[in-house]
Amino acid sequence: MAVLDFQSEALLRLRTRVAALGEANSDLLAYARGHAGAVQQIHAAALAAMDARDFEHLIHVVTQDWVDILRIDAVGLGLMTRGQGIRASASGVQFIDPEQVELWCHLLPVGQARSVKHGSPVFGPAAPLIRSEALIALRPTPPAPTGIIALGAREPHNFGDYHGSELLAFLGDVVSRMIARWMQIEP
């Protein structure tokens, strides 16, 4: 007659479950910390945009200050206004073919973060260095310009799940409203 040791088997199963729960808890905490950090960065970027003194300062804040605030490597901005295309980045502001901005707005997967071999042309000279990008649609009320904001990083997979599309859309909404505000004030 054999005696079965159910206690050892049950204890082994319990330890396995506790270890799996501990790992899941660690993953959840890491995600929450990353999300909280991303939210804090996005809010700081939005506040900086809202503090812009004029349209030119807003362009500076978005294309240059956001690099430090969001801890990324490049920001590009493409706008189409009054039939004119504009590309702005840390290298400056350039007039471009308005059809190029239309292409960026309609062909690129706006609203999502992705790894790339080469960044979007909206980054200008920094495009070859970009390996991860998040593209944000600008959809202000007409007659304010439509466009796109591109956030870029040299590291692939830089934009994790905690850079949710809601946070990116929030940044786009803030910039869209600020552009509309300055377009109404300026002649």
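**Exercise 1. Find the helix that holds His 57, then decide whether this residue is buried or exposed.**

Step 1. His 57 belongs to helix H2. Helices (DSSP runs of H or I, at least four residues) and strands (runs of E, at least two) are numbered from the N terminus.

Step 2. With a relative accessible area of 18%, His 57 is buried. The word buried means under 20% relative accessible area, while exposed means over 50% and partly exposed lies in between (1.4 Å probe, protein chains only).

Step 3. Now look for partners of His 57. Setting aside neighbours within four places in sequence, His 57 is in contact with Asp 51 and Ala 52. Contact here means heavy atoms within 4.5 Å.

**Before going on: what kind of model is this?**

This is a predicted model, with residues numbered from 1 along each chain as its sequence is written. Local features need pLDDT of at least 70 and side-chain atom pairs count only at pLDDT 80 or more, whereas totals for chains, interfaces and linings use all residues, and side-chain values use heavy atoms, with hydrogens and water left out.

**Exercise 2. Work out where the confidence is lowest and where it is highest.**

Step 1. The quantity to use is pLDDT, the predictor's confidence in each residue, from 0 to 100. For the protein its mean is 80, and 82% of the residues reach 70 or more.

Step 2. Helix H1 (residues 6–50) has the lowest confidence, at a mean of 76, and helix H2 (residues 55–69) the highest, at 93.

Step 3. A word of care: where pLDDT is low, the predicted coordinates should not be read in detail.

**Exercise 3. Follow H2 from its start to just past its end.**

Step 1. At the start of H2, a side-chain oxygen of Asp 54 comes to within 3.3 Å of the backbone nitrogen of Glu 56.

Step 2. Further along, at Val 61, H2 bends by about 35°. This bend is the angle between axes fitted to the seven residues ending there and the seven starting there.

Step 3. The buried residues of H2 include Phe 55, Leu 58, Val 62 and Trp 66.

Step 4. Just after H2 comes Arg 71, with a positive phi of about 55°.

**Exercise 4. Trace how strands S1, S2, S3 and S6 are joined.**

Step 1. Start with the overall plan. The protein has 4 helices and 6 strands, in the order α-α-β-β-β-α-β-β-β-α along the sequence. Two strands pair if DSSP finds at least two bridges between them.

Step 2. S1 and S2 run antiparallel and are joined by 5 bridges. They form a hairpin with 2 residues between them, and Arg 82 in the turn has a positive phi of about 50°. Thr 81 stands opposite Gln 84 of S2.

Step 3. S2 (residues 84–89) and S3 (residues 92–96) are also antiparallel, with 5 bridges, and a hairpin links them through 2 residues. Ile 86 has Phe 95 in S3 as its bridge partner, and Ser 89 has Gly 92.

Step 4. S1 also pairs with S6, in the antiparallel sense over 7 bridges. Leu 77 has two partners to find: Ile 149 in S6 stands opposite, and Ala 88 is its bridge partner in S2.

Step 5. Check the cover. In S1, 7 of the 8 residues are buried. S2 is largely enclosed by the rest of the structure, because 5 of its 6 residues are buried.

**Exercise 5. Which residues touch the most other members of the largest nonpolar core?**

Step 1. A nonpolar core is a set of buried Ala, Val, Leu, Ile, Met, Phe, Trp, Tyr and Cys residues joined through side-chain atoms within 4.5 Å.

Step 2. The largest one has 37 residues, and those touching the most other members are Trp 66, Ile 149 and Leu 151. Among the elements that each supply at least two of its residues are H1, H2, S1 and S6. H4 gives the largest share, 9 residues.

Step 3. Apart from this core lies another, of 13 residues, including Ile 96, Cys 105, Ile 148 and Ala 150.

Step 4. Zoom in on Ile 149: not counting residues up to four places away in sequence, it touches Val 62, Trp 66, Leu 77 and Val 175, among others.

Note on methods
Polar contact = N/O pair within 3.5 Å; in protein donor to acceptor, adjacent residues only side chain to side chain.
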